[in-house]
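I have a fresh page open and a list of things to look up. Here is what I jotted down, entry by entry.

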Amino acid sequence: MSGPIETGELPAVEDGPGRRWLALAAMLVPAAMLAVLLLRRVWDVDIFWQLKLGEIILAHGGPISREPFAALHLGEPLPAVGWLAQASMAFVRRIGSWDALRLYDALCWLGGFWAVAGACRARGASREAVALALILVFMAALPTASIRPQSYAALCFGLLLALQRLRLRPLATVALGAPLLVLWQNLHPSVSVAALALGLQAAVGAIACLRDRTRPLPFAPAVLTLVAIGAMFATPDGFSILSISATNAEMSLAIGASEWRPLWIESNWINAVPVLVTVAVAIALLLRGRGPVEPFELLLALALFALTLTAYRFVLFWAIAMVPVIARAASWHSKPEDRQMPRWISLAALGLVAVSVPVLAPTRFAPSLPLEALAHLKRQDVRGTIYADFPYGGAVIDMGWPAWHVAYDGRYYRYAREEWRYNGGIENGYVPLVDVIAKWHPAAFVIQEEHNAPLAGELARSRRWKRIYRGPDGVVVYVPRSR
């Protein structure tokens, strides 16, 4: 188990106005994090089909077992990946619009960081050290932040790490941890990260017991490791989650999704900068500090960093795991005056940001999303299959289902490798327009001219199709001339 965070013998900041201003700034860091997150545009293309599926789940009263969206797969078995997140997020949007969902998602995403930060404070880390840790890891993980179920994974992982650090009685830890793990997997299928964290904690605890027989056995982490492994299958998908996850990873890599690829590829270079800065600062603090290093915290951070290097999508978990490492390394002796700062300042600042920012800065969407094009198409009263570039499929589903179905969308596990190859053939000009029409009988096309240049060129030359919209970002909409 993690012990109290030692403050070591780093030079203390002198008392006085400077120290008070530093403490105040540290208390405002959580509010600043929330403000930055709320000011970001919605950019994730998959949240749209997730929300529409969530609406169907709410209407149905549980997970949906049959495919409702993909034109060539209607009625086929449908995995229930993240069903609880989809339903809960759809509920929030239904009762409070996009602005409420944006705030809700931000609080979930940040909640993971804040939970483990609060546990660090409870174990003795200084306010300033925790604030430094939050700033560094927030900047490292920020590129991944958008409204999506992964925010629940951040919250659950942070709560798990906080639970590990609070050193409750073993039975209490198991009683709180077990339902958290099952809930996590039904919100987002990443509880395997919890199994890794708990397994490392159990292994470190077992080694400590072998070296010192007076140390307690790692009962709670050992039990929760088994629970985490079992929780992987505690969803409507059961053991099929293994094949679903494998297919999703395989198709993601085949398509070239950057978050599934290594940190060192060119498309991830910009994302790598804050990650490497955080690593450099953490190493400098660890080398400078004289306090003890908690083996479990360091091993978990190293393991997740290795995963992040090979697949950028793990950066969120790594960032949360780095909070206690940096907080422990950066802690200095806290003067009594530092701890006299009223805690309501942080809560008041958070409340002010949560209330004011959604009003002053309503939800904005990334210009890469074809929302205006789809709104224009919807006014044409078109019904049927909409052939759209696959990143646009989610927005097509959200704006037009059940009148609209899609040829492709962002669910990599939904479509077989041959179907993704066929999509690549269309985008590269190997599959002509006539074959696309014969396969899907589309009622309209919504494509980006540069991304899908061969198909866009054929549509522009065709006498059977007419362009009814062209956006500044090159998104074009075509419908039959006979309309």
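**Entry 1: Phe-113 and the core.** I looked up the contacts of Phe-113 beyond its neighbours within four places in sequence, and found Met-33, Leu-134, Val-137, Ala-141, Leu-316, Ala-319, Ile-320 and Val-323. A reminder to myself: this is a predicted model. I then asked which residues have the most contacts inside the largest nonpolar core. They are Phe-113 and Phe-157, in a core of 159 residues. Helix α4 gives the most to this core, with 17 residues.

**Entry 2: a cavity.** I counted six cavities of 30 Å³ or more and picked the second largest, which holds about 120 Å³ of space. Its lining has 13 residues, and nearest the centre I noted Leu-37, Arg-102, Asp-105, Ser-146 and Ile-147. The elements giving two or more residues to that lining are α2 (29-39) and α4 (83-122). From α4 comes the largest share, four residues. I also sorted the lining of this second largest cavity by residue type: seven are nonpolar, two polar and four charged.

**Entry 3: aromatic rings.** My next tally gave 23 aromatic pairs. Tyr-412 and Trp-420 make one that is edge-to-face, at 5.9 Å centre to centre with 65° between the planes. Tyr-415 also pairs edge-to-face with Trp-420, this time at 5.5 Å centre to centre and 80° between the planes. Are these rings buried or exposed? Tyr-412 counts as buried because its relative accessibility is 15%, under the 20% cut-off. Trp-420 is buried too, with a relative accessible area of 7%, and Tyr-415 is likewise buried. Following the ring pairs onward, I reached a cluster that links Tyr-387, Phe-390, Tyr-408, Tyr-412, Tyr-415, Trp-420, Tyr-422, Trp-440, Phe-445 and Trp-465.

**Entry 4: Asn-452.** Tyr-387 turned up again here, so to speak, as I checked what Asn-452 touches. Leaving aside neighbours within four places in sequence, Asn-452 is in contact with Tyr-387, Asp-389, Ile-426, Glu-427 and Ile-447. I found Asn-452 in the loop between β3 (444-448) and α19 (453-461). Why does this loop residue count as buried? Its relative accessible area is 0%, so Asn-452 falls under the 20% limit.

**Entry 5: Ser-346.** My last stop was helix α14 (residues 344-360), where Ser-346 lies. Ser-346 counts as buried because its relative accessibility is 16%, again under 20%. I also checked Ser-346 against Ala-26: the two are 320 residues apart in sequence, and their C-alpha atoms are 9.0 Å apart in space.

Definitions and conventions
Residues numbered from 1 in each chain as written. Predicted model: local features only at pLDDT ≥ 70, side-chain atom pairs only at ≥ 80, totals over all residues. Heavy atoms only, no water. Buried < 20%, exposed > 50% of the residue type's maximum accessible area, 1.4 Å probe, protein only. Contact = heavy atoms within 4.5 Å. 1 Å grid on protein atoms, 1.4 Å probe; cavity = no way out; pocket = protein on both sides within 12 Å on 5 of 7 lines; lining within 4 Å. Points joined across faces, edges and corners; volume = space filled by probe spheres on them. Nonpolar A, V, L, I, M, F, W, Y, C, P; charged D, E, K, R; others polar. Core = buried A, V, L, I, M, F, W, Y, C linked by side-chain atoms within 4.5 Å. Phe/Tyr/Trp six-rings, centres within 6.5 Å; stacked < 30°, edge-to-face > 60°.
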